[in-house]
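User: I'm new to reading protein models and I'd like a close look at a single part of this one. Could you pick out one contact between side chains and walk me through what surrounds it?

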Amino acid sequence: MISQRFTQTSARRIFAQRPTSLASTRFSAPALITACKPLTPSRPAATQTVPEDEAYSILKAQRAARPISPHLTIYQTQIPWTLSILNRITGVFLSGGFYVFGAAYLVSPLLGWHLESSALAASFAELPTAVKLLLKFGVALPFTYHSWNGIRHLVWDSGRQFSNKTVVRTGQFVLGLTVVSSGALAVYGL
């Protein structure tokens with residue numbers, strides 16, 4: 001970069017002192033051609049006034065002639081992009097859940113809701129065991145997946161496990177670890 005600046009500055013000084021030096025034979029033909037031509041090609045543009053309805057029909061014809069971008073349905077499902085989408089979805093679900101519960105907890109005294117810990121624990125204890133298990137698993141699944149996948153991304157940030165083969169393998173490992181740890185958290189304390 002420094003050498004480019006030096007060359008550019010030197011060339012500007014030479015051409016400023018001797019404007020006819022462009023025609024000099026000291027430069028090779030490509031350099032002379034490049035120095036004499038503008039960087040961006042220019043062409044005269046002709047404009048004409050078109051009525052609004054005709055302009056819309058021209059625009060509509062141009063849009064019909066444009067190629068259509070393919071959708072996700074033409075691609076084969078792969079673990080890396082599926083897990084990336086799932087990571088974003090679980091992040092939105094978790095943060096949205098925390099915000100909704102936090103807002104509800106703040107306004108609960110005004111509305112007469114009982115969202116204190118003792119009331120929630122008492123109402124949860126009255127549920128059947130199968131419902132408790134499903135609720136706990138449903139809450140633990142996005143939390144554990146997002147946590148394990150976050151650790152996976154930290155490993156990637158360190159520059160390890162980032163080849164195509166290891167990305168798929170670590171994705172499968174994260175899925176397995178998510179199911180096992182979610183099940184363990186759901187069963188714990190029943």
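Analyst: Let's start with a polar contact of 3.1 Å, which joins the side chains of W148 and S181. Keep in mind that this is a predicted model, and every value here is computed from it.

First, the tryptophan. W148 is part of helix α6, an element that covers residues 129–157. Is W148 buried, partly exposed or exposed? Its relative accessible area is 30%, so W148 is partly exposed: buried would need a value under 20%, and exposed a value over 50%. Leaving aside residues up to four places away in sequence, W148 touches V174, L177, T178 and S181. So S181, the partner in the polar contact, turns up in that list too. You can also look from W148 towards N87: these two are 61 residues apart along the chain, yet 9.9 Å separates their C-alpha atoms.

Now move along the helix to T144, which also lies in α6. Which residues does T144 touch, again skipping those up to four places away in sequence? They are T178, S181, S182 and L185. Compare that with the list for W148, where T178 and S181 appear as well. T144 has a relative accessibility of 6%, and because that is under 20%, T144 counts as buried. So from α6 we have one residue that is partly exposed, W148, and one that is buried, T144.

Where do the touched residues sit? Helix α7 spans 164–187, and the numbers of V174, L177, T178 and S181, the residues touched by W148, fall inside that range. The same goes for the residues touched by T144, if you check them against 164–187.

Next, follow the chain from α6 to α7. The loop between these helices holds Q161. Its phi is near 55 degrees, a positive value in a residue other than glycine. With a relative accessibility of 35%, Q161 counts as partly exposed.

There is a ring pair around here as well. A search of the whole structure turns up two aromatic pairs. One of them is formed by W156 and F162, which meet edge-to-face, with 5.4 Å from centre to centre and 70 degrees between the planes. The two partners differ in their surroundings: W156 is buried at 16% relative accessibility, whereas F162 is exposed at 55%.

Helix α6 has another role to show you: together with α4 (79–111) and α5 (117–125), α6 is among the elements that give two or more residues to the lining of the largest pocket. That pocket has a volume of about 500 Å³. Its lining has 14 residues, and F98, F101, L135, V139 and A140 lie nearest the centre. By type, the lining divides into twelve nonpolar residues, one polar and one charged.

Finally, step back to the whole chain. It has seven helices and zero strands, and buried residues make up 15% of its 190 residues. Among contacts with a separation of 6 or more, 60% are between residues 24 or more positions apart. The contact we began with, between W148 and S181, is one place to start looking at how α6 is placed in this picture.

Key:
Residues are numbered from 1 along each chain as its sequence is written. This is a predicted model: local features need pLDDT of at least 70, side-chain atom pairs count only at pLDDT 80 or more; totals for chains, interfaces and linings use all residues. Side-chain values use heavy atoms; hydrogens and water are left out. On a 1 Å grid over the protein atoms alone, a cavity is a set of points where a 1.4 Å probe fits but cannot get out, and a pocket is an open set with protein on both sides within 12 Å along at least five of seven lines; lining residues have an atom within 4 Å of a point. Grid points are joined across faces, edges and corners, and a volume is the space filled by probe spheres set on the points. Helices (H or I, at least four residues) and strands (E, at least two) are DSSP runs, numbered from the N terminus. Ala, Val, Leu, Ile, Met, Phe, Trp, Tyr, Cys and Pro count as nonpolar, Asp, Glu, Lys and Arg as charged, and the others, Gly among them, as polar. Buried means under 20% relative accessible area, exposed over 50%, partly exposed in between (1.4 Å probe, protein chains only). Contact means heavy atoms within 4.5 Å. Rings of Phe, Tyr and Trp (its six-membered ring) pair if their centres lie within 6.5 Å; planes under 30 degrees apart count as stacked, over 60 as edge-to-face and the rest as tilted. A polar contact is a pair of N or O atoms within 3.5 Å; within protein, one must be able to donate a hydrogen and the other to accept it, and residues adjacent in sequence count only if both atoms are side-chain atoms.
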